[in-house]
Amino acid sequence: MFTILMLDCIALMENRMIPRQVINATVSPKGSLETLSQREVQQLSAAGSGSTYTLFRQCALAILNTGAHVDNAKTILEAYESFEVRIHQQDRGVRLELLNAPADAFVDGEMIASTREMLFSALRDIVYTESELDSQRIDLSNSQGITDYVFHLLRNARTLRAGVEPKMVVCWGGHSINSEEYKYTKKVGHELGLRSLDICTGCGPGVMKGPMKGATIAHAKQRIVG
């Protein structure tokens with residue numbers, strides 16, 4: 001179920017107005033996602049407290065905008081000012097209704113698989129984070145409490161797995177780099193990927209994009225999946 005529209009809001013980029021295509025769609029997680037409580041759904045809805053919904057909306061918009069050449073948060077938020085996320089409970093989990101979402105995140109009306117995975121990962125992490133912050137056992141007033149909190153977040157996200165040696169490398173740097181620097185970051189990612197290492201970066205172009213591109217190609221060469 002989808003509809004492609006022309007965004008009412010026009011973004012100003014490179015001194016010219018560029019219209020953006022948007023799409024309305026409903027998406028469900030591939031696999032399982034725990035059923036949310038009524039309170040969690042309310043927190044994540046526009047009718048709830050507001051802060052949790054705002055956080056998830058911004059994360060969702062950043063994920064759906066992955067791959068775009070523009071990474072200025074203010075520009076993106078203004079360009080997709082009418083973007084909305086609605087969460088619907090169903091028997092086997094949740095379903096997201098996206099209104100005026102970036103059309104680049106879809107191919108023939110279907111959301112790109114990796115984008116859908118990241119979208120529901122963000123939902124999972126935000127729900128868990130809010131739940132942890134509300135619990136009495138969390139103490140962020142000291143270093144030990146903060147470390148324990150971060151550990152639980154990583155374990156819930158399955159970043160830490162029993163019996164599995166960590167193999168994640170964080171690549172971090174600027175967005176505005178020249179062509180030679182970008183090629184170098186891509187080469188670094190490629191070499192790491194050939195050694196079966198996973199890459200963690202932020203959003204956006206430049207150093208955030210190069211290593212991921214290189215590692216993706218290397219993982220394909222090594223037939224690494226998942």
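I began with helix 6, residues 179–194, in this predicted model. Its 16 residues reach 23 Å from first C-alpha to last, close to the 22 Å expected at 1.5 Å a residue; the expected span is 1.5 Å times one less than the number of residues. Helices are DSSP runs (H or I, at least four residues) and strands likewise (E, at least two), numbered from the N terminus.

I noted the conventions: residues are numbered from 1 along each chain as its sequence is written, and side-chain values use heavy atoms, without hydrogens and water. Local features need pLDDT of at least 70 and side-chain atom pairs pLDDT 80 or more, while totals for chains, interfaces and linings use all residues.

I next listed the buried residues of helix 6 (under 20% relative accessible area, 1.4 Å probe, protein chains only): Thr185, Gly189, His190, Leu192 and Gly193. They lie on the same side of helix 6, because they cover an arc of only 165 degrees around the axis, taken from the directions from the helix axis to the C-beta atoms.

On the face turned away from that side I found Glu180 and Tyr184 exposed, that is, over 50%.

I then looked up what covers the buried residues: the cover includes strand 9 (168–170), strand 10 (198–200) and helix 7 (210–221).

At the ends of helix 6 I recorded two features. Asn178 caps the N-terminal end, with a side-chain oxygen 3.2 Å from the backbone nitrogen of Glu180. Just after the helix, Ser196 has a positive phi of about 65 degrees.

For context, I noted that the protein has 7 helices and 10 strands, and that buried residues make up 35% of its 226 residues.

Definitions and conventions:
Contact means heavy atoms within 4.5 Å. A polar contact is a pair of N or O atoms within 3.5 Å; within protein, one must be able to donate a hydrogen and the other to accept it, and residues adjacent in sequence count only if both atoms are side-chain atoms.
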